[in-house]
Amino acid sequence: MALFSSYSASYSIRCSSNRDNHDQNKQKLNNLRIISTSSRSSNKADILSPTAGVANTFNSITSIPENGYIPKEEVRQNIPTRKQLVDPHRQGLISQGGVGYMQTVVIRSYEVGPDKTATLESILNLLQETALNHVWMSGLLSNGFGATHGMVRNNLIWVVSRMQVQVDHYPIWGEVLEIDTWVGASGKNGMRRDWLIQSQATGHVFARATSTWVMMNQQTRRLSKMPEEVRDEISPWFIENQAIKEDSPEKIIKLDSKARYMNSNLKPKRSDLDMNQHVNNVKYVRWMLETIPDEILESRQLSSIILEYRRECGSSDIVQSLCHPDEDGILKDGLKQNNDISLLNGFSLASEILEGGGLLGSYEKAPLRYTHLLQTQGERGSGEIVRGRTTWKRKMSTAIPFST
């Protein structure tokens, strides 16, 4: 996943000062839904017109070359060259004072698992799609996978270096979500992108996510500094809000052959590659989760995942997935603890355990953690692709997490 600029904060993304602007854009979106139902023939004429845009509402997608020829790809995509406020086709609009993006999505049947809730892969795919749509709406999107015009001129692409997702509840099939996303600076040469997923019907927050991105030269495959022209393009879109605040990110240790669970000889398929010709990071997560024991997957659900990317994975690489449970078994913040009560085999003997429920009852309620590693394997040795950590909490008995 490579994106522009392609969870536990409690603030509201759509603050009151921007609410009027947000509502106006939403009204424009509703109006455009009617306009977009015009006949296909008139739409075709609009696309070919040098002054018209999508549904007669957007600016020209591109200036017509002197030879009068418009590449078919540009006609089919109709990528805006200027900032747009609403997108009737994707149910999206510019928000947060004109620099953020909010999109309405519906959970499809193919995005849920056996328990009728959206899978983590589906959530990650939605994060990727809304991020790409954000840069689409900005008017900065060039012909790269989330790359701006300045990035294409410098032969640069985005690569993710770190990502964290926190899931409070999993949406169910048919549920309507609102996904907010925005970007900010990360050091001198990086960019941060955040997301907030909430229910349109109730306003409940389902998930939060944050990520860090750096630039890579598409030919040399080496990291690059951010050129000034690219900084000038994206810096007006930066805001300071953070979906997840990490003052001092916890280091993820590197696993070795002593890891308890291992899945070897994983080979990427052509369908696993993205437009930048490397394995998409959603595929990495699938390889990681396949090493989790079945009994955990049946009784628990993933509540958070942290990913630290080391190198890209190509189509010819053979991958090994390692997984090991954390030694403490139960997170220390998962149970109430007293300073005068000791730990027994990693389990907190807090007062709630002593008073009732027993050790096993507290174990079932507390989250579990696993450390992960994806690495290449071959005659030349192994090379780290991504380190990860997952946290799992007890699965709810019903697919509907709260009353509407």
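These legends accompany close-up views of a predicted model. Local features are described only where pLDDT is at least 70, and side-chain atom pairs count only at pLDDT 80 or more, while totals for chains, interfaces and linings use all residues. Residues are numbered from 1 along each chain as its sequence is written, and side-chain values use heavy atoms, with hydrogens and water left out.

**View 1. Thr181 sits in strand 5 and is buried.** Strand 5 covers residues 176–186; helices (H or I, at least four residues) and strands (E, at least two) are DSSP runs, numbered from the N terminus. The relative accessible area of Thr181 is 0%, where buried means under 20%, exposed over 50%, and partly exposed in between (1.4 Å probe, protein chains only). Look for the side chain of Trp195, which shares a polar contact of 3.4 Å with the side chain of Thr181. A polar contact is a pair of N or O atoms within 3.5 Å; within protein, one must be able to donate a hydrogen and the other to accept it, and residues adjacent in sequence count only if both atoms are side-chain atoms. Leaving aside residues up to four places away in sequence, Thr181 also touches others, including Gln96, Tyr101, His134 and Arg193 (contact means heavy atoms within 4.5 Å).

**View 2. Arg162 in strand 4 meets Glu308.** Find Arg162 in the strand that runs over residues 156–167. With a relative accessible area of 13%, Arg162 is buried. Its side chain and that of Glu308 are joined by a polar contact of 2.8 Å. Among the residues that Arg162 touches, not counting those up to four places away in sequence, are Thr210, Glu246, Ile306 and Tyr309.

**View 3. Arg286 and Glu121 form a salt bridge.** The structure holds 15 salt bridges, each a side-chain nitrogen of Lys or Arg within 4 Å of a carboxyl oxygen of Asp or Glu. In this one, the N to O distance is 2.8 Å. Arg286 belongs to helix 7 (residues 281–289) and Glu121 to helix 4 (residues 120–138), so the bridge ties together parts that are 165 residues apart in sequence. Both partners are partly exposed, Arg286 at 32% and Glu121 at 21%.

**View 4. Asp168 and Arg208 make another salt bridge.** Here the N to O distance is 3.0 Å. Asp168 is in the loop between strand 4 and strand 5, and Arg208 is in strand 7 (residues 205–217), 40 residues apart. Asp168 is partly exposed at 30%, whereas Arg208 is buried at 13%.

**View 5. Lys283 pairs with Asp272.** The closest N and O atoms of this salt bridge are 3.8 Å apart. Lys283 is in helix 7 and Asp272 in the loop between strand 9 (261–266) and helix 7, so the pair ties together parts eleven residues apart in sequence. Lys283 is buried at 13%, and Asp272 is buried at 9%.

**View 6. Four residues share a network of salt bridges.** The members to look for are Glu250, Asp326, Arg369 and Arg389.

**View 7. Cys313 and Cys323 are both buried.** Cys313 has a relative accessible area of 0%, and Cys323 is also at 0%. A disulfide is a covalent bond between the sulfur atoms of two cysteines. Counted as pairs of cysteine sulfur atoms within 2.5 Å, the disulfides in this model come to zero.
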